[in-house]
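Please look over the sequence and the structure before reading on. The text then goes through a few places in turn.

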Amino acid sequence: MRLLRIVPDDTKFNFMRFRRISFPISAMMSILAISLYFFHGLNFGIDFKGGTLIEIQTKAGPADLAKMRASLGALGLGEVQLQQFGAPNDVLIRIAEQPGGDAAQQVAVTKVRGALGEDVNYRRVEVVGPRVSGELLSYGTIGLMMAIFCILIYLWFRFEWQFALGAMIANVHDLVLTIGFMSLTRIDFDLTSIAALLTILGYSLNDTVVIYDRIREMLRRYKRMTMADLLNISVNATLSRSIITHVTVTLALLALLLFGGQAIHSFTATMMFGVVLVGTYTSVFIAAPILIYLGVGSGRDSLSSSDRDKS
């Protein structure tokens, strides 16, 4: 079993000494992410900006995307996106919303059918209007905010208000950086993106709560230990569990990213960034040390680390 250990049980890394570096870096990254959102925006998918989604399957071998793109581009329908997913003959066609209401969307579908001919099977045709897309965006945003609020209330009762506030700051930090990543990479922001953000929120919160639970246990056990030393012990005590969990999730997401196809590429890439890169860093270098600045264990830092209560 020792051969399977990734991290020894008795690690003594001094994570808290990096807090004077991690907080400024996170602040700058958050400002950059917010700036990207306001000045660069998000690449809203059809779910949020309206349009038509057509899923087809070619009958005679792999789809020729270049030929399809040329045929559909000549129809004058505005932005038309073609995306291969799953099997080589499966293609997803996205058409921008057409001016003129639902009738214009149906005309666009008819034009596409005429351009592609009888060489394809139509597996799915969805038309999302501007009113529906606006409601989806509003409800998705409200759902995300309600999730954060409910988690804050739960943690307030489960721990203390400092722990609840620290967890929320850490989770909002994850969401802000992930949205900045999506703005920078122009990944489609649709309903699956909302699902990815909620998953990142839950995963990061779970990792943070595990560390916070150990911190609370240490606060009861060591009455006179400095807060920095106590946080280091708590993070080191959960380090093995955190790394094993992150490695497992990373392998699963990497497999989906490489072999899952284009249909879930945006979701998987967002999850990979939010869970593996940001969530792992946040739990250790933001969620734990922020408790010092929120006043948890105030007065402990005036004690020396040699004054620990060994009882």
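What follows covers a pocket, a helix and several contacts of aromatic rings.

The model is predicted. A good place to begin is the second largest pocket, which holds about 380 Å³ of space. Its lining is made up of 18 residues, and the closest to the centre are Tyr37, Thr141, Leu144, Met145 and Ile179. Which helices supply at least two residues each of this lining? They are α1 (19–40), α5 (130–158), α6 (161–185) and α7 (191–221). The largest share comes from α5, with six residues. By type, the lining of the second largest pocket has 16 nonpolar residues and two polar ones, and no charged residue.

One of the helices in that lining, α6, can be checked for its length. With 25 residues at 1.5 Å a residue, α6 should span 36 Å, and the C-alpha atoms at its ends are indeed 36 Å apart, so expectation and model agree. After α6 comes arginine 186, which has a positive phi, near 60°.

The aromatic rings are the next topic. In the whole structure, a search finds eight aromatic pairs. One of them joins phenylalanine 15 and phenylalanine 285, with 5.9 Å from centre to centre and 70° between the planes, an edge-to-face arrangement. Why does this pair tie together parts that are 270 residues apart in sequence? Phenylalanine 15 belongs to the segment before α1, whereas phenylalanine 285 belongs to helix α9 (residues 265–287).

Are these two rings buried or exposed, or in between? Phenylalanine 15 has a relative accessible area of 11% and is therefore buried, as buried means under 20%. Phenylalanine 285, at 22%, is partly exposed.

Phenylalanine 285 also pairs with phenylalanine 18: the ring centres are 6.1 Å apart and the planes stand at 80°, so this pair is edge-to-face, the label given to planes over 60 degrees apart. This pair, too, links distant parts of the chain, because phenylalanine 18 is in the segment before α1 and phenylalanine 285 in helix α9, 267 residues apart. Phenylalanine 18 is partly exposed, with a relative accessible area of 34%. Ring pairs link Phe15, Phe18 and Phe285 into a cluster that also includes Phe13 and Tyr281.

A ring can also have a charge over it, and tyrosine 122 is such a case. The charged end of arginine 113 sits over the ring of tyrosine 122, at 4.3 Å from the ring centre.

Notes: Residues are numbered from 1 along each chain as its sequence is written. This is a predicted model: local features need pLDDT of at least 70, side-chain atom pairs count only at pLDDT 80 or more; totals for chains, interfaces and linings use all residues. Side-chain values use heavy atoms; hydrogens and water are left out. On a 1 Å grid over the protein atoms alone, a cavity is a set of points where a 1.4 Å probe fits but cannot get out, and a pocket is an open set with protein on both sides within 12 Å along at least five of seven lines; lining residues have an atom within 4 Å of a point. Grid points are joined across faces, edges and corners, and a volume is the space filled by probe spheres set on the points. Helices (H or I, at least four residues) and strands (E, at least two) are DSSP runs, numbered from the N terminus. Ala, Val, Leu, Ile, Met, Phe, Trp, Tyr, Cys and Pro count as nonpolar, Asp, Glu, Lys and Arg as charged, and the others, Gly among them, as polar. The expected span of a helix is 1.5 Å times one less than its number of residues. Rings of Phe, Tyr and Trp (its six-membered ring) pair if their centres lie within 6.5 Å; planes under 30 degrees apart count as stacked, over 60 as edge-to-face and the rest as tilted. Buried means under 20% relative accessible area, exposed over 50%, partly exposed in between (1.4 Å probe, protein chains only). A charge sits over a ring if NZ of Lys or CZ of Arg is within 6 Å of the ring centre and within 35 degrees of the ring normal.
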